[in-house]
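Hi,

Here is the structure I said I would pass on. Have a look, and my notes follow underneath.

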Amino acid sequence: MTWTIARKEIVSNLLSYKFFIVLLLIILLVATSLFIMHRDFKLRMADYQVIRPKPGDAIALVAPNPLSIFAKGLDDAITRSFEVSVIGIEVRAGQSSGNIIYSFFPAPDFLYVVRVVLSLVALLFGFDQISREREQGTLKLLLGSSVSRAKVLAGKWIGNFLSMAVPFLLVTLMASALLMLDPDVHFSGGELGRLALIVGLSLLYLGFFLSLGMLVSTLTKRAATSVVVLLFLWSLFVFIIPNLGTLIARQFVSVPSVRALAEKREQTWTREVLLGISKGGNWAEHMRTLSSENDRMEQDYRLRFERLVRLSRNINRISPAASFLDASSEIAGTGIGEETRLKREVVRYKDSIIDRIIDDRGSGKRDTQYPAFVYAPRPLAEIFAGGALFDTAWLAFFNILAFALAYVAFIRYDVR
Amino acid sequence: MFRILFRKEIAENIHNYRFLLALVLCLVIIPLGFIVSQKDYADRRQVYDETVREYEQTHATVVDLMRSGGAAFRPPSPLALLSGGVEAVLPTSVETLTYISEEGVQVQFNNTRRLDNPLMWLFGRLDLTFIVTTVMAVLAMIFTFNAIAGEKERRTLAQVMANAVPRPTVITAKMAAGSLLLAAAFLAGTAAGILLTVALGLSPFAQPGTLAPFAIATGVSLVFLLAFYNLGLFVSSLSRSPVSSMVALLSVWVALAMVLPKGSVVIAKLVRPVKSQQIIDLEKNQVRVQIQREEAADLVKLTRSTPGIKDMSADEFFKQRRVKNPAVEAFEKVQSDLKAKFAARLNAELDKADAEFERQRGRQAAVARNLSRLSPVSCLVHVMAELAGTGFAEERRWLETRSRFKQLLDREIASKESSVTFGDTTMSGMGKIDRKAPAPKLPAEPVALETRLAAVWVDLALLGIYALLFFTGATVAFLRYDVR
């Protein structure tokens, strides 16, 4: 019976005007998003080819991540170049897409489309499932037969989820396949697997909003009221909580700004130079002191920064939108975890060559070949252990919770 | 009759919780956005003040600038709560690139705030522009999606139309009542936000000249909301059922808020491609290296071809210089002229490259901006960014500041400095510059509100036109609407 109801929902959706508009919307959004982000990626790749370090340069620079087409995250920060000099690591601009006008609007990547727009679409599928049928009087007819309320609800959920998920999957698959025709965009097997995981998480996320829509629909008597309540919840989950989490976390953890850190580094530099001039001594020793002090400051900054990020993320997890964004960007390799690890690797790289750099500069050598910086993105196991698994489970929990609450509310629902 | 319909619409919107929801949402999200933005501003302001104070202590005299370079700092915008605009990618300072020499000063932009808060990068900014274009626009859709189609479905529209009431009066009453309630919720949220920030000591009006732009921005937001409200009425008048109206409205919102603004940028990139900043920097560096190489070769040629100088050793040359040998002095004069010629050529070449790059970028941005004006969201985004001081006018000001800063240091220090080169040895610090003189400072020249408004008058006018156009569309569609 569940499948019969699901089929009825699918047929009813297929025949509706709503379905075709939603289909067009998904095609338009996914295609536009991938087209725009693909162009952005190609520009950044062209920049990378120009600024990539020559063999022997003491520069750490990673190429733009092809998965940033789907999840831009912090890829702009990750792809900055880190130059190692006698005073430590200097961060330079990385690959950017040029004109300042591009910064007016947020990057419309796949994650943005799913998180903001398709979540609304999922609500549209769920908001009138119960209240409208009650308004039209068809719910009484349906429950008049010997079908259980659980089956009705499950059938409706499956039917609507498939109506939304199948076009979404088809459009995403087709757009991704078109993307792969471009020889400049190369996805490895692992990256394709990660992409599949992101799409899976997107479905889980959209499933939650469908369940939420059905829950509110069972709690309200009219579809119009249901829309109003759902919009409130959507704003709460997608915009309010993620910003509130960061705001609250900043009350508990103070982190100095990047500028303040740079100022401190400059003060240390001046002090060591003045000491070198006034007291003489070994120049290389002064540089080593400088480098180790910079390391200490950087480490202190990173520790506080990581504490702030951890706390913010934990608070933000009240919202499934935050869990979805965190897990997806980490899986894509453009999340905060990846950025933190890259910074650590850069520090390790610096530690491995700083003595040679100081000695070479001290002796006036300018043509030394330093080993290249090699960076391997975090493996999936590490990403999942670092929080993505929790976020995935948390999203699943949200799904089950919303559906269970919808079931409880539907059992108590007055169909008259 | 208008009054009755107006009162009916007000009562209906209050009765079905829409107004209550809008009010609660505005009372939560607008103050939250203001506090988050103002906290961010307070942090950045503190860093700016400390940086400037420290800079002024350590760069008090000309010799300090010559020793460690100079900088001019850009204060963060106190109205970034209206719109973050492009502030994240605007420079935080303009700084000298190398030591100041008689060859002229090289300056560059610096941006130190790019990753202060990665979560803001991930989730986006919660400024007023974002709230209005996303949350308030969706609220306007919620208010209007069943304004006509819903009444038709409930069969109340036929009853209303059975009275001797003109259709334009019905639609005008709906527009007036709904937009008034939406505006009331928005203004209540904005007032609560201001009160809360003042109570927390984060008032955006603590800086002078912020009240007028804030008031204008609030007014412009109301015009935008009216435009979106009218768009909702228009779509509802074209739809037969509330659900199809909602779906169509959502699609229109997505097209106006996401597809058009970003799509116009992509089209501009295709129509008017521009090299990236990195490539321009590399090209400029190549020019610099080439000219410096030519200069070094010419200096060597000059030394080898000057009688009385060509046979001297470096030690002898500098010894003769100290005793003011006329041949050495004449050589120094010719060398100084040669260096000045190369410095002028280098500056001209670099300026030419910068000007060409800016011209191309400007043309590309103009194409993108004009195309994006098809969307009222884009118009609002640009108006709010200019009012907040985080838009194109601020970027242009900083491009001018970079030039002014360079000219100031060139005039006050570089042009008074000189060096002498002989073979591989260059002796700097030969100029007659007062090293103990106070360091030259660049006076701040903020962009006047009139200039900022002049930059966006088209967008302001378009917002009004969109509001009128959508209302006209809604009226015409409603005149033809089958109420049965």
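A word on terms before the tally: helices (H or I, at least four residues) and strands (E, at least two) are DSSP runs, numbered from the N terminus. Counted that way, chain B has 17 helices and five strands.

Some housekeeping next. This is a predicted model, where local features need pLDDT of at least 70 and side-chain atom pairs count only at pLDDT 80 or more, while totals for chains, interfaces and linings use all residues. Residues are numbered from 1 along each chain as its sequence is written, and chains are lettered from A and ligands numbered from 1 in the order in which they are written.

On confidence, the model scores ipTM 0.70 and pTM 0.80. Chain B has a mean pLDDT (the predictor's confidence in each residue, from 0 to 100) of 85, with 95% of its residues at 70 or more. Within chain B, helix H4 (residues 118-123) has the lowest confidence, a mean of 58, and helix H9 (residues 211-238) the highest, at 95.

Now the overall shape of chain B. Its radius of gyration (over C-alpha atoms) is 31 Å, against near 23 Å for a compact globule of 484 residues; the globule rule is 2.2 Å times the number of residues to the power 0.38. The C-alpha atoms of chain B fill a box of roughly 110 × 50 × 35 Å along the principal axes. Buried residues (20 or more other C-beta atoms within 10 Å of their own; exposed means 12 or fewer, partly exposed is in between, and C-beta atoms are placed from the backbone) make up 45% of chain B. Two residues are in contact if those C-beta atoms lie within 7 Å. Of the contacts in chain B between residues at least 6 apart in sequence, 83% join residues at least 24 apart.

On to the cores. A nonpolar core is a set of buried Ala, Val, Leu, Ile, Met, Phe, Trp, Tyr and Cys residues joined through C-beta atoms within 7 Å. The largest has 174 residues, and Val121(A), Leu139(B) and Met384(B) are among those touching the most other members. A second, separate core of 25 residues includes Ile59(A) and Phe305(A).

Two helices of chain B are worth a look. Helix H1 (residues 2-15) has 14 residues and should span 20 Å at 1.5 Å a residue (times one less than the number of residues); its end C-alpha atoms are 20 Å apart, which agrees. Which residues of H1(B) are buried? They are Leu5(B), Glu9(B) and Asn13(B). Those buried residues fall within an arc of 65 degrees seen down the axis, so they line one face of the helix; the arc is that of the directions from the helix axis to the C-beta atoms. Arg3(B), Arg7(B), Ala11(B) and His15(B) are exposed on the other side. Cover for the buried residues of H1(B) includes helices H2 (18-58), H5 (128-144) and H8 (167-199) of chain B.

In helix H17 (residues 457-479) of chain B, the buried residues include Leu462(B), Tyr466(B) and Phe470(B). What covers the buried residues of H17(B) includes H8, H9 and helix H14 (376-388) of chain B.

Last, the backbone. Most residues other than glycine have a negative phi. Lys324(B), not a glycine, has a positive phi of about 60 degrees and is found in the loop between helix H12 (314-322) and helix H13 (326-372) of chain B.

Cheers
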